[in-house]
Amino acid sequence: MAGIDIEGLATVYPNGVRAVDGLDLHVADGEFFALLGPSGCGKTTLLRTIAGLESATEGKVRIDAVDVTRTEPGKRGVAMVFQDYALFPHMSVSENITYPLKVRRVSAATRAETAERTAGELSLDGLLERKPAQLSGGQQQRVALARAIASRGKVLLLDEPLSNLDARLRLEARTFLKKLQRDLGITTVFVTHDQAEALALADRIAVMEAGKLRQLGSPREVFARPANTFVANFIGSTPMNLLPGTVSSTSGSETYVDEVGVVSVAGGSLSAATFSAPAGAEVTVGVRPEYLTLASGDVTGPALRGQVVVAENLGTQSLVSVDCDGTLIGVTVPEENEPEPGTTVVLTAPASRVLLYDRESGDLLARQPATVA
Ligand code: ATP
């Protein structure tokens, strides 16, 4: 087992694109680590640079404390599963799984034993003699995983491992993958553009934009306290409300507060805790629909007032859009509690769930790193 250290890493393609642009990361031994970001942000390039399939232009990659920056892929101790699985169509499942061992001249008896054992671990029993074309998408994905695991790498690299599966199979495969990673305890880095997948699977997530790291944290941290408005926009199945606001009062000093202050936004005001900005500062106020509460009666203290526009059914919840002085604000309510369109409602949020961002840079106005309530 092994950790991965990435230091000042840049990968520049011959056309001049800096796909990875100066990254520092540490993936701990045994960690399940997600690289998350929109298409083109450099996730796959970073994974391929760790594998040695792209060469680093600047910086270093260390695996298990050994500098592998210039080591060829086959000698890095990594096993990679590609998005399209890259199975050999003319080989049986058993031959596919054990191909890396054959290349290393492992004996036929050991290969057969490895194929049996790994197929058992990945619920592929009884399929060892089939060809890939005779398998379902989910089974093909497990064969690709089995081949990676059988090769006994120190590190497992997965490029969009679930993206070729349909929605239902994807959920099953997600649970399977998480359990497998826990059972094997193998350091695993996976690439995804699906924030829900990253939140569900990873111990920690690196959110990337344009080759750079925008936030590194646990799923809970990146969900509850996005470090900037880019991450706030990207994470969450219902988008975070990001509203222009002005700090109207603070209970702390003139220049910053660490306690609760009040920020005025369209439709009223909200309390916010632990931010650093003076009264009068123009900010972007971030509050998730899930952390807003909808009331219809009178409320004392900071609140937003508006009219219900529409409610969208999300299953056990609905997303209600409220027009607050011309700004639409989303709030989730439990099923069958949706107010009628046109109803006047009041929205409140706990101060600890109201985040303030610098209007210009988009960075979280927190004095200290996130602590999650
Ligand atoms: P996706 O989710 O769409 O796969 P990604 O985040 O994995 O995207 P990369 O595939 O790493 O992003 O691409 C990062 C940037 O590098 C993009 O601008 C892409 O166009 C560019 N790029 C990728 N591969 C090459 C290449 N072989 N030559 C030149 N530019 C490339």
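**Ligand shell and two loop residues in a predicted model**

In this predicted model, helix H1 (residues 43-51) supplies three residues to the shell around the ligand, the largest share.

Q: What makes a residue part of the shell around the ligand, and which residues are around the ligand?
A: A residue counts when one of its heavy atoms lies within 4 Å of the ligand. The residues around the ligand are Tyr13, Asn15, Val17, Ala19, Pro38, Ser39, Gly40, Cys41, Gly42, Lys43, Thr44 and Thr45. They divide into five nonpolar, six polar and one charged.

Q: Why is the pair between the side chain of Thr45 and the ligand called a polar contact?
A: The cut-off for a pair of N or O atoms is 3.5 Å. An N or O atom in the Thr45 side chain is 2.4 Å from an oxygen atom of the ligand, so the pair is a polar contact. The protein covers 61% of the 630 Å² of accessible area that the ligand has on its own.

Q: Why is Asp325 called exposed?
A: Exposed means over 50% relative accessible area. Asp325 has 67%, so Asp325 is exposed. Asp325 lies in the loop between strand E17 (317-324) and strand E18 (327-334), and its phi is near 50°, a positive value in a residue other than glycine.

Q: How do you know whether Glu336 is buried or exposed?
A: Buried would require under 20% relative accessible area, and exposed requires over 50%. Glu336 is at 72% relative accessibility and therefore counts as exposed. Glu336 is found in the loop between E18 and strand E19 (344-348), with a positive phi near 70°.

How values were computed: Residues numbered from 1 in each chain as written. Predicted model: local features only at pLDDT ≥ 70, side-chain atom pairs only at ≥ 80, totals over all residues. Heavy atoms only, no water. Polar contact = N/O pair within 3.5 Å; in protein donor to acceptor, adjacent residues only side chain to side chain. Areas by Shrake-Rupley, 256 points an atom, 1.4 Å probe, with all protein chains shown as cover. Helix = DSSP H or I, 4+ residues; strand = E, 2+ residues; numbered from the N terminus. Nonpolar A, V, L, I, M, F, W, Y, C, P; charged D, E, K, R; others polar. Buried < 20%, exposed > 50% of the residue type's maximum accessible area, 1.4 Å probe, protein only.
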